[in-house]
Amino acid sequence: MRGNQYTGGGAASSAGVLLYGGCGDPLVTGVSVIGNTLTNNDVGADLSNADPSCANPPSTKTADVVADNRISDSAVTNTSGASTTPLCGYQAGVSDFGNHDVITANHISGTGYLNHPNCTVAQPYVTYRIDTTGSLDPLVVFNF
């Protein structure tokens with residue numbers, strides 16, 4: 001998957017691979033994303049499962065796996081912020097909002113996925129190599 005980038009108003013992002021469940025719909029569980037090349041996407045692999053309120057990760061284990069992928073983004077392109085009030089564009093090699101997901105043996109590179117967790121007017125974006133800030137009990141090992 002290549003070049004999925006959000007260009008609309010407000011703060012949002014596009015993913016190369018999106019696993020989306022919950023919020024009253026069935027969870028996406030036990031899915032493996034393995035051996036892909038994901039290039040220049042706002043989010044390389046986005047594991048997005050939520051509880052019925054859509055505000056928290058689910059209490060049920062989702063056990064999704066992202067492994068052995070080549071994930072890169074050569075630039076920060078999602079700068080959804082305005083000139084005076086940043087709206088915080090978001091980019092991540094892997095974003096996990098699930099329960100007991102596994103992220104392992106991925107090669108994540110590029111300026112678009114440097115760890116930059118603070119949004120300012122001068123730099124209206126947040127970037128991560130791997131973002132597990134909203135997940136429960138993730139296993140993140142052997143990524144480089």
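Helices (H or I, at least four residues) and strands (E, at least two) are DSSP runs, numbered from the N terminus. The model is predicted: local features need pLDDT of at least 70, side-chain atom pairs count only at pLDDT 80 or more, and totals for chains, interfaces and linings use all residues. Residues are numbered from 1 along each chain as its sequence is written, and side-chain values use heavy atoms, with hydrogens and water left out.

**Exercise 1. Place Ala105 and describe its backbone and its exposure.**

Step 1. Find the element. Ala105 sits in the loop between β8 (102-104) and β9 (107-109).

Step 2. Check the backbone. Ala105 is not a glycine, yet its phi is positive, at about 60°.

Step 3. Check the surface. Buried means under 20% relative accessible area, exposed over 50%, and partly exposed in between (1.4 Å probe, protein chains only). Ala105 has 29% relative accessibility, so it counts as partly exposed.

Step 4. Take a second case. Asp137 also is not a glycine and has a positive phi, of about 50°. Its place is the loop between β10 and β11 (139-141).

**Exercise 2. Work out the strand order of the open sheet that holds β1 and β10.**

Step 1. Fix the rule. Two strands pair if DSSP finds at least two bridges between them. Strands of a sheet pair through backbone hydrogen bonds, either parallel or antiparallel.

Step 2. Read the order. This open sheet has four strands, ordered β1-β4-β7-β10, with parallel pairing.

Step 3. Find the edges. β1 (15-22) and β10 each have a single partner strand, so one side of each is left without a neighbour in the sheet.

Step 4. Add the twist. From one strand to the next it averages 30°. Axes here are lines fitted to C-alpha atoms, for helices over the stretch in contact, and angles run from 0 to 180 degrees between N-to-C directions.

Step 5. Go through the pairs.
- β1 and β4 are parallel and share seven bridges. Leu19 stands opposite Leu47 in β4, and Val17 has Ala45 of β4 as its bridge partner.
- β4 and β7 run parallel, joined by five bridges. Ser48 is opposite Phe97 in β7.
- β7 and β10 are parallel, with six bridges. Val94 has Ile130 of β10 as its bridge partner.

Step 6. Test for burial. In β1, six of the eight residues are buried, so β1 is largely enclosed by the rest of the structure. In β4, eight of the eight are buried, so β4 too is largely enclosed by the rest of the structure.

**Exercise 3. Describe the open sheet that holds β2 and β11.**

Step 1. Read the order. Four strands run β2-β5-β8-β11, with parallel pairing.

Step 2. Find the edges. They are β2 (32-34) and β11, each with a single partner strand, so one side of each is left without a neighbour in the sheet.

Step 3. Add the twist. It averages 5° from one strand to the next.

Step 4. Pick one pair. β8 and β11 are parallel over three bridges. Ile103 has Val140 of β11 as its bridge partner.

**Exercise 4. Find the aromatic pair and classify it.**

Step 1. Set the cut-offs. Rings of Phe, Tyr and Trp (its six-membered ring) pair if their centres lie within 6.5 Å; planes under 30 degrees apart count as stacked, over 60 as edge-to-face and the rest as tilted.

Step 2. Search. The whole structure yields one aromatic pair. The ring centres of Tyr90 and Tyr128 are 6.3 Å apart and the planes stand at 50°, so the pair is tilted.

Step 3. Locate both rings. Tyr90 is in β7 (residues 89-97) and Tyr128 in β10 (residues 125-131), so the pair ties together parts that are 38 residues apart in sequence.

Step 4. Check Tyr128. Its relative accessibility is 17%, so Tyr128 counts as buried.

**Exercise 5. State which strand gives the most to the lining of the largest pocket.**

Step 1. Define the space. On a 1 Å grid over the protein atoms alone, a pocket is an open set of points where a 1.4 Å probe fits, with protein on both sides within 12 Å along at least five of seven lines; lining residues have an atom within 4 Å of a point.

Step 2. Look at the lining. Among its residues are Ser13, Leu18, Asp46, Tyr90 and Asp131.

Step 3. Sort by element. β1, β4 (43-50) and β7 give two or more residues each. β7 gives the most, with four.
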